[in-house]
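New to this one? Have a look at the model first, and then we'll walk through it topic by topic.

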Amino acid sequence: MFLGQPHVTAAGTSGAASVGPAWSRILAGYRQPDALRSVFEIVVTAAPFVVLWALAALAVVHGHYWGLVLTIPAAGFLVRLFMLQHDCGHGALFARRAVNDWTGRVIGVLTFTPYDYWRRTHAIHHATAGNLDKRGIGDVDTLTVGEYRALSGWGRAKYRLYRHPAIMFGFGPAWLFICQYRLPIGLMRAGVTPWTSTLATNLGIAIPAAVLIWLMGLWPFLAVQLPITLMASTVGVWLFYVQHQFEETHWSEGKDWKFQHAALHGASHYDLPAVLRWFTGNIGIHHVHHLSSTIPFYRLPKVLDAHPELRDLGRITLWQSLRCVKLVLWDETGKRLVSFKQARALQGAAPAAA
């Protein structure tokens, strides 16, 4: 069981939520976006971000480096901008696809994320989350215990390095948002759209950056932009990680994989404090989001209010989530994520049992 939470199974009381109601029909009533509400959410997120960025830059230009403290809340608003872009990618923020797409593309310049390229890889993630036969695009690389044991020494070392917290939440986010997203990695041969998306975003980033550097100088620009980008990217990767990398998450082979079960049990309910829920756009209600990705983020809490049976499915708190970092391998026998230490114990227990 995960950190003292009740075990949730398809046959148990809580598990009834995964096999009983026709969730697609039930959640249909929450999918309609409110255009005025969506515009309001964009304004109250983008305007503070721009103001905080400008104030921090103004302070640095005049030698008041204490102004860099403003980059912390600015990074929070940038995370929220990414969540708005995320909703655009699902067609959830506005009723018309074109409005979603162009809003997402503009926000993508601020988040350093090429919208059309990211939208395609994220759609693959939603269509394959928890499917052992379709890993590799839009997810955190996860090996089974058996696959890890079959690796060479060098292969194990590379996987350990990739899974190290300093790489996963330090170097990795910086590489992803600053470097990797400058090319359509993973979709290099998928047609014109990923290339157009990434190159247009790169140009959209380069032009205002060049103007700002000309106005304020290279060092003040980097002193403000880099901390904001690095903090926001780390938070973004952490959120994505915790939403699927918890002990009793769900993985299954393709022949056994079921979308609804994978959504409810393979995505967490990351129960954050209210202020963090606001800055993260309710993305912690991730199991409901995977059940119906077109629900606008501001309607997700209403789903939990109306259907309390969903509250405890995969629920983890902020404190409990810190323990997810050590979970790195999928134990196909125990149906849970385990640490390297637990995997070694499993290997030692097998001969003893025999």
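Here's a quick tour of the annotated regions, one helix, the salt bridges and the cysteines.

Keep in mind that this is a predicted model. UniProt, in an unreviewed entry, lists a "domain: Fatty acid desaturase" at residues 66-312. Helix makes up 64% of that span and strand 2%.

**What the record marks out**

- The unreviewed UniProt entry also gives "transmembrane region" for residues 39-59, 65-83, 166-183 and 195-215.
- Take residues 39-59: in the model this span is 100% helix, with no strand (0%), and its end C-alpha atoms sit 30 Å apart.
- Residues 166-183 come out at 78% helix and 0% strand, and here the distance between the end C-alpha atoms is 24 Å.
- For the span listed as the desaturase domain, residues 66-312, the two end C-alpha atoms are 42 Å from each other.

**A closer look at helix 10**

- Helix 10 covers residues 192-216, which makes 25 residues.
- From first C-alpha to last, helix 10 reaches 36 Å, close to the 36 Å expected at 1.5 Å a residue.
- Its buried residues are Pro194, Ser197, Thr198, Thr201, Asn202, Ile205, Ala209 and Met216.
- What do the buried residues of helix 10 pack against? Their partners are helix 3 (35-61), helix 5 (97-111), helix 6 (115-128) and helix 11 (218-242).
- Right after helix 10 comes Gly217, with a positive phi near 100°.

**Salt bridges inside a helix**

- Side chains of opposite charge can pair when their charged atoms come close.
- The count for this model is 11 salt bridges.
- One of them joins Asp101 to Arg97, with the closest N and O atoms 3.4 Å apart.
- Both Asp101 and Arg97 belong to helix 5, where they are four residues apart, about one turn of the helix.
- An α-helix has 3.6 residues a turn, so residues three or four places apart point the same way.
- The two ends of this pair have different surroundings: Asp101 is buried, at 8% relative accessible area, whereas Arg97 is exposed, at 56%.
- Asp116 also has a salt-bridge partner, Arg119, and their closest N and O atoms are 3.6 Å apart.
- Asp116 and Arg119 are about one helical turn apart because they sit three residues from each other in helix 6.
- Asp116 is buried, with a relative accessible area of 10%, while Arg119 is partly exposed at 21%.

**A salt bridge between strands, and a network**

- Arg315 and Asp271 meet through their side chains in a salt bridge, at 2.9 Å from N to O.
- Arg315 is in strand 3 (residues 315-317) and Asp271 in strand 2 (residues 269-271), so this pair ties together parts that are 44 residues apart in sequence.
- Both ends are partly exposed: Arg315 has a relative accessible area of 23%, and Asp271 has 25%.
- Elsewhere, salt bridges link Arg37, Glu41 and Arg80 in a network.

**Cysteines**

- A disulfide is a covalent bond between the sulfur atoms of two cysteines.
- How many disulfides does a search of the whole structure find? The result is zero.
- Is Cys324 buried or exposed? Cys324 counts as buried, because its relative accessibility is 0% and the cut-off for buried is under 20%.
- Cys179, by contrast, is partly exposed, with a relative accessible area of 36%.

How values were computed: Residues numbered from 1 in each chain as written. Predicted model: local features only at pLDDT ≥ 70, side-chain atom pairs only at ≥ 80, totals over all residues. Heavy atoms only, no water. UniProt positions renumbered as here; feature names shortened; annotations may be inferred. Disulfide = S-S within 2.5 Å. Buried < 20%, exposed > 50% of the residue type's maximum accessible area, 1.4 Å probe, protein only. Expected span 1.5 Å × (residues − 1). Contact = heavy atoms within 4.5 Å. Salt bridge = Lys/Arg side-chain N within 4 Å of Asp/Glu carboxyl O.
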